[in-house]
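Let's take a walk through this fold together, strand by strand and helix by helix. Keep the viewer open and follow along as you read.

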Amino acid sequence: MNVEREERMPQPIVGMHEVVAMDALSDFFGRAFEAVAAELARQGAAPAGPPIALYRGPVTDTVDVVAGFPVGRPLTPSSGLVAETLPSGSIVEAIHTGSYEDLSAWFREQGLTPSDEMWEEYLVGPDSEPDPSRWQTRIVYPVG
């Protein structure tokens with residue numbers, strides 16, 4: 001796994017926020033990405049990158065998540081959607097092609113502590129690639 005450490009600027013996003021059961025996450029993503037895409041079109045805005053899921057707190061049987069898209073400028077979304085900002089600062093990112101345990105081991109080896117807040121950027125997924133073995137997700141953790 002290729003893990004990189006870098007600095008990021010804040011990134012505004014528009015998304016749908018819910019606490020979702022893990023087994024309902026795929027359905028939530030479908031609803032959220034569709035609703036946010038429609039809202040961006042309504043406002044004459046385009047996504048400024050791939051779909052994103054921002055996770056907060058521990059992942060258990062449920063997860064606190066905002067799913068949507070990065071935008072080029074802050075927007076005020078309609079009811080049911082939220083405007084958020086991905087934080088600036090030091091981050092660690094990796095393209096997921098193996099297990100999450102590989103990333104956890106890297107944190108330990110580097111002496112870094114991942115934040116309770118992290119996000120995923122869905123670079124290649126079911127919308128564009130039918131073969132799940134070719135899907136790519138960028139995993140991003142702010143670090144201190």
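A good place to begin is the pairing of E2 with E5, which is antiparallel and runs over five bridges. Within this pairing, Val14 has Ala83 in E5 as its bridge partner. E2 also pairs with E4, again in the antiparallel sense, and here there are nine bridges. If you look for Glu18, you will find Val65 of E4 opposite.

Before going further, a word on confidence: what you have on screen is a predicted model. The average pLDDT of the protein is 88, and 92% of the residues score at least 70. Among the elements, strand E2 (residues 11–21) has the highest mean pLDDT, 97, while helix H2 (residues 100–110) has the lowest, 67. Where pLDDT is low, the predicted coordinates should not be read in detail.

Now zoom out to the whole sheet. Eight strands form an open sheet in the order E1-E6-E8-E7-E3-E4-E2-E5, with antiparallel pairing. The edges are taken by strand E1 (3–8) and strand E5 (82–86); each has a single partner strand, so one side of each is left without a neighbour in the sheet. From one strand to the next, the twist averages 35°. As a general reminder, strands of a sheet pair through backbone hydrogen bonds, either parallel or antiparallel.

Further along that order, E3 and E7 run antiparallel and are joined by five bridges. Ala53 stands opposite Glu120 in E7. Glu120 turns up again when we visit Thr137, a residue of strand E8 (residues 136–142). Is Thr137 buried or exposed? Its relative accessibility is 13%, so Thr137 counts as buried. Leaving aside neighbours within four places in sequence, Thr137 is in contact with Glu120, Glu121 and Tyr122, and also with Ala94, Ile95 and His96.

Next, turn to helix H1 (residues 25–42). Does its length fit its residue count, and what would we expect? With 18 residues at 1.5 Å a residue, H1 should span 26 Å, and the end C-alpha atoms are 25 Å apart, which agrees. Which residues of H1 are buried? They are Leu25, Phe28, Phe29, Ala32, Phe33, Val36, Glu39 and Leu40. These buried residues cover an arc of only 130° around the axis, which puts them on the same side of H1. On the face turned away from that buried side, H1 carries the exposed residues Ser26, Asp27, Glu34, Ala41 and Arg42.

What does the buried side of H1 pack against? Its buried residues pack against E2, strand E3 (52–56), strand E4 (62–70) and strand E7 (117–124). H1 lies across these four strands, E2, E3, E4 and E7, and runs at about 30° to E4.

One more residue of helix H1 deserves a stop: Ala38. With a relative accessibility of 47%, Ala38 counts as partly exposed. Ala38 is 15 residues from Asp23 in sequence, and their C-alpha atoms are 25 Å apart in space. Just after H1 you reach Gly44, which takes a positive phi of about 70°.

Notes. Residues numbered from 1 in each chain as written. Predicted model: local features only at pLDDT ≥ 70, side-chain atom pairs only at ≥ 80, totals over all residues. Heavy atoms only, no water. pLDDT = per-residue confidence, 0-100. Helix = DSSP H or I, 4+ residues; strand = E, 2+ residues; numbered from the N terminus. Expected span 1.5 Å × (residues − 1). Buried < 20%, exposed > 50% of the residue type's maximum accessible area, 1.4 Å probe, protein only. Arc of directions from axis to C-beta. Contact = heavy atoms within 4.5 Å. Pairing = 2+ DSSP bridges. Axes fitted to C-alpha atoms, helices over the stretch in contact; angles between N-to-C directions.
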